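Work through the exercises below with the sequence and the model side by side. Try each task before reading its solution.

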Amino acid sequence: MSVSFWQRAASADSAAYDVVIVGGGLVGCATAYWLHRRRSQLRVAIVEAQSIGQGASGRNAGFLLQGTDTDYLTALDRHGPRRAKHFWRFTRDNRDLIEAELQGAAFDFTACGSMTVAGTEAEDARLQEAVSPLRAIGAPVVYLSPKETNRRLRARGFWGSLFVTSGAVVNPLNLVQQVAAESRAHVFEYQPVQRVTAAGDHYRVETDGRQMQTRQVVFALNAHLPQVIPALAAYVRPVRAQMLATAPTDRHLRLPAYTHAGAFYIRQGPGGEVLLGGARHRHAEAEVGYDDTTTAAVQNDLERYLHAHFPWAQGLDVTQRWSGTMGFSPDGLPVVGAVPGQPGNVWAAGFTGHGMSCGFRMGQLLAARVLGDARPDGYELFAASRFSRPEAGQMRASEAISDPSS
Ligand SMILES: Cc1cc2nc3c(=O)[nH]c(=O)nc-3n(C[C@H](O)[C@H](O)[C@H](O)COP(=O)(O)OP(=O)(O)OC[C@H]3O[C@@H](n4cnc5c(N)ncnc54)[C@H](O)[C@@H]3O)c2cc1C
């Protein structure tokens, strides 16, 4: 987009900030929020390429789940007991902080619990086995038999599930906008950052029509990080997620469900609309990249799943289809780090489809780091230094999961 004479004149007196945050999703806005909370006199700006929450943060299902994108046994295998427990606690803190800090009514915060539902007998066995280690870390989980699971969801064909009493859902776009408003940061929308360069003892942040000076920069770009800092491309790769919404119906689902090892996620919206996402696992190659369109292949799989498992949804019109870009990290956990050649600047990315479940708490971590805490709680868990030599080729392929409709 071109820049008018008036727009350039308005930005010519390049504003000066203490901290500029690049990216206006949940993580960027939460960083601004926590900076304001801890040091209200700081001058903070959020610079966003589109509008606040137009990226993945305003396009997701609004689940505030606990733990990783995998079942807890897989998290134990992959990350070890200490890190798996730490991450579970981090996501629990995220949910509790959202409830404690913000006026939940503005974003439909609903503390309904959530269900992790098995699509196969083997997954069911893993969920049952996970109950004891989860309870040992204080996770409030209850195993539900296949019969009880299908009864609660008014569904058919599912195996057992874990009912996580602390799960919650939100309207994600309203949440992000609320966090941005409460941060009191100066928000610049439709200003894609083109470059950040060192200029003496400060940094210069440049968009097409604006220049800002700042002492520190936080890059909260998730999937888009490599587009602004190509040197960090090994830590995050863009992966598309697709969803659909149906016409409203009676309230059949009282709580959100995450099924088939996370391959599908389903809830009802405030008006009774069915919101369903996933089916990416069958189209893993096609779903990599920044292309923000829906495809018939994934959307048809979503509809097949809906009709196979939820008889009450048959005949409901699909009223909306959309997609968003997630950022996947090499090991499934978010990554934070220092920006090469830019002392004091930090980045966070790689939320691997679960950034709502930890993004508000991540903002607290990033704010602490900006304010000089060398190792705020969680920093070691997520530090980029855990990868000795991250290379794109080492990145985990999408989870091998069962065919849900078989
Ligand atoms: C369909 C879908 C369903 C999902 N469901 C869930 C769920 O239920 N629960 C959950 O926990 N997670 C879910 N996720 C993942 C979650 O949405 C993300 O992990 C989370 O939003 C990441 O937040 P973020 O702030 O890091 O990134 P984003 O929200 O992507 O924010 C990054 C921002 O940077 C901006 N930007 C890009 N380039 C520039 C630039 N050059 N200059 C300035 N700004 C720039 C983008 O416009 C964007 O707004 C889902 C994602 C999708 C797509």
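Helices (H or I, at least four residues) and strands (E, at least two) are DSSP runs, numbered from the N terminus. The model is predicted: local features need pLDDT of at least 70, side-chain atom pairs count only at pLDDT 80 or more, and totals for chains, interfaces and linings use all residues. Residues are numbered from 1 along each chain as its sequence is written, and side-chain values use heavy atoms, with hydrogens and water left out.

**Exercise 1. Place Glu-148 and find a side-chain partner for it.**

Step 1. Locate the residue. Glu-148 belongs to helix H5, residues 146–153.

Step 2. Set the criterion. A polar contact is a pair of N or O atoms within 3.5 Å; within protein, one must be able to donate a hydrogen and the other to accept it, and residues adjacent in sequence count only if both atoms are side-chain atoms.

Step 3. Apply it. The side chains of Glu-148 and Arg-151 are joined by a polar contact of 3.0 Å.

Step 4. Look further along the chain. Ser-161 is 13 residues from Glu-148, and their C-alpha atoms are 8.8 Å apart.

**Exercise 2. Describe the shell around the ligand.**

Step 1. Collect the residues. A residue is near the ligand if one of its heavy atoms lies within 4 Å of it. The shell holds 36 residues, and the closest are Glu-48, Ser-57, Val-193, Gly-355 and Ser-357.

Step 2. Sort them by type. Ala, Val, Leu, Ile, Met, Phe, Trp, Tyr, Cys and Pro count as nonpolar, Asp, Glu, Lys and Arg as charged, and the others, Gly among them, as polar. The shell then splits into 19 nonpolar, 15 polar and 2 charged residues.

Step 3. Trace them to elements. At least two shell residues come from each of helix H2 (26–38), strand E12 (237–246) and strand E16 (318–328).

Step 4. Trace them to domains. The bounds come from an automatic or database domain assignment. Domain 1 (5–59 + 173–232 + 332–387) and domain 2 (84–168 + 237–328) each give the shell at least three residues.

**Exercise 3. Which atoms of Leu-26, Gln-50 and Ala-61 lie 3.1 Å or 3.3 Å from the ligand?**

Step 1. Take the ligand oxygens. At Leu-26, a polar backbone atom is 3.1 Å from an oxygen atom of the ligand. At Gln-50, an N or O atom of the side chain is 3.1 Å from a ligand oxygen.

Step 2. Take a ligand nitrogen. A backbone N or O atom of Ala-61 is 3.3 Å from it.

Step 3. Check the cover. Alone, the ligand exposes 1000 Å², and the protein buries 96% of that. Such areas come from the Shrake-Rupley method with a 1.4 Å probe; for residues, only the protein chains shown count as cover.

**Exercise 4. How many disulfides are there?**

Step 1. Recall the chemistry. A disulfide is a covalent bond between the sulfur atoms of two cysteines. Here the test is a pair of cysteine sulfur atoms within 2.5 Å.

Step 2. Count. The result is 0 disulfides.

Step 3. Explain Cys-112. Its closest cysteine sulfur is in Cys-358, 19 Å away, so the distance is too far for a bond.

Step 4. Check Cys-358. This residue is in no disulfide either; the nearest cysteine sulfur, in Cys-29, is 15 Å away.

Step 5. Compare exposure. Buried means under 20% relative accessible area, exposed over 50%, partly exposed in between (1.4 Å probe, protein chains only). Cys-112 is partly exposed at 21%, whereas Cys-358 is buried at 1%.

**Exercise 5. Examine phi at Arg-184 and Ala-261.**

Step 1. Know the background. Most residues other than glycine have a negative phi.

Step 2. Read Arg-184. Its phi is positive, near 60°. Arg-184 sits in the loop between helix H6 (172–183) and strand E8 (186–188). It is exposed, at 59% relative accessible area.

Step 3. Read Ala-261. Its phi is also positive, about 55°. Ala-261 sits in the loop between strand E13 (257–259) and strand E14 (264–268). It is partly exposed, at 34%.

**Exercise 6. Is Arg-361 buried or exposed, and which side chain does it contact?**

Step 1. Place it. Arg-361 is in helix H9, residues 359–370.

Step 2. Classify it. Its relative accessibility is 6%, so Arg-361 counts as buried.

Step 3. Find the partner. The Arg-361 side chain makes a polar contact of 3.1 Å with the side chain of Asp-377.
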